[in-house]
Amino acid sequence: MSGPQIDADDDLVDLAIDVTEEQAFERKAKREAVERKLLAGATGVVSVPPAMVTIWAHATHQVDDVDADDVEREADIIETSGQFMPALGRRLADGTIEVIGRSYLVTAVLAYNNRHPEKPIDLKIDVRTFDEEAAFRLVAMELGETPRISAWDRGRFYHAAIEQFGSEAAVAQHLGVHKSTISRRLDVVRAVDMLGDRIVVKRDVRQRDASWFVQTVGREPDLTDAPDAEAADKVMAVAASLDPMPAKSLFAALRAAVKADRPQPDVTPLAPA
């Protein structure tokens with residue numbers, strides 16, 4: 001399974017204005033040489049125009065969920081020192097390289113090329129023979145080391161892993177991740193699915209808010225496993241009455257609805273804390 005194809009023109013901004021006919025011919029010859037090498041089954045570190053790669057579907061969070069300033073900083077590093085580490089990928093049957101690890105480098109190289117359309121650079125990729133399990137293991141390891149990836153993208157990754165391996169227990173075994181971690185990450189997907197378009201930006205859902213929501217309404221869409229059916233019905237009724245809003249504001253409103261129904265303790269300011 002491959003990720004979204006990068007637009008072939010993304011790293012060729014206005015080249016027609018700044019590139020001579022000789023440079024264009026050299027670049028075309030270089031592309032054709034790379035294509036022949038890929039189709040011949042080359043592995044190891046290769047240099048590939050970023051427009052010639054795809055990103056594995058379950059690694060796109062490092063492209064979609066990355067701060068623009070971080071991308072520009074990576075481009076700065078490339079400009080100063082070159083691409084320090086290669087991306088990690090595999091060769092597909094048609095010769096295309098699919099990037100699995102360090103996929104943010106695709107965006108960084110494209111950002112560099114947009115700065116220098118007259119002299120774009122290729123993306124260095126360490127091409128290996130990843131099977132699906134190895135690909136999932138690599139990305140799971142990266143998720144553990146990359147704190148800025150959203151809780152929603154983490155949850156979506158583990159949801160995809162369950163589709164691949166069959167169960168939370170199987171995912172834990174294959175990826176070396178604790179089952180409780182997988183369950184918590186999936187709570188974000190459950191919360192987003194149940195609240196739907198009430199959340200303006202799904203990537204803004206925090207883990208703690210999703211965990212609270214699931215603990216309140218349960219994990220089943222029909223609320224049959226809710227620990228408190230009345231509280232669950234109240235939360236979902238309030239959610240249905242609200243207009244779409246930022247995730248933080250939505251969960252604050254839902255918490256307030258439950259809190260308002262709880263009896264307040266009969267104490268005075270003189271009572272001990």
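**Close-up views of a predicted model**

**View 1. The hairpin of E3 and E4 in the predicted model.** Five residues lie between the two strands of this hairpin, and Gly 95 adopts a positive phi near 95°. The strands E3 and E4 pair in the antiparallel sense, with four bridges between them. Two of the residue pairs are shown here: Gly 89 has Val 99 as its bridge partner in E4, and Arg 90 has Glu 98 as its bridge partner in E4.

**View 2. Strand E3 and its pairing with strand E5.** E3 comprises residues 87–91 and E5 comprises residues 123–128. Their pairing is parallel and extends over four bridges. Within E5, Val 127 is the bridge partner of Gly 89; within E4, the bridge partner of Gly 89 is Val 99. Strand E3 is mostly covered, as four of its five residues are buried. In a regular strand, side chains alternate between the two faces of the sheet.

**View 3. The open sheet of five strands.** The strand order is E1-E5-E3-E4-E2, and the pairing is mixed. Strand E1 (44–48) and strand E2 (53–55) form the edges, each pairing on one side only. From one strand to the next, the twist averages 45°. The mixed character is illustrated by E3, which pairs with E5 in the parallel sense and with E4 in the antiparallel sense.

**View 4. Helices H5 and H6 across the sheet strands.** Helix H5 lies across E2, E3, E4 and E5, and runs at about 155° to E5. Helix H6, residues 132–145, lies across E3 and E4. The direction of H6 is at about 45° to that of E4.

**View 5. Surroundings of Ser 103, in the loop between strand E4 and helix H5.** The loop that holds Ser 103 follows strand E4 (97–101) and precedes helix H5 (104–115). Is Ser 103 buried or exposed? The relative accessibility of Ser 103 is 1%, and the residue therefore counts as buried, the cut-off for this class being under 20%. Which residues are in contact with Ser 103, leaving aside its neighbours within four places in sequence? They are Ile 55, Ala 59, Gln 62 and Val 63.

Definitions and conventions: Residues numbered from 1 in each chain as written. Predicted model: local features only at pLDDT ≥ 70, side-chain atom pairs only at ≥ 80, totals over all residues. Heavy atoms only, no water. Buried < 20%, exposed > 50% of the residue type's maximum accessible area, 1.4 Å probe, protein only. Contact = heavy atoms within 4.5 Å. Pairing = 2+ DSSP bridges. Axes fitted to C-alpha atoms, helices over the stretch in contact; angles between N-to-C directions.
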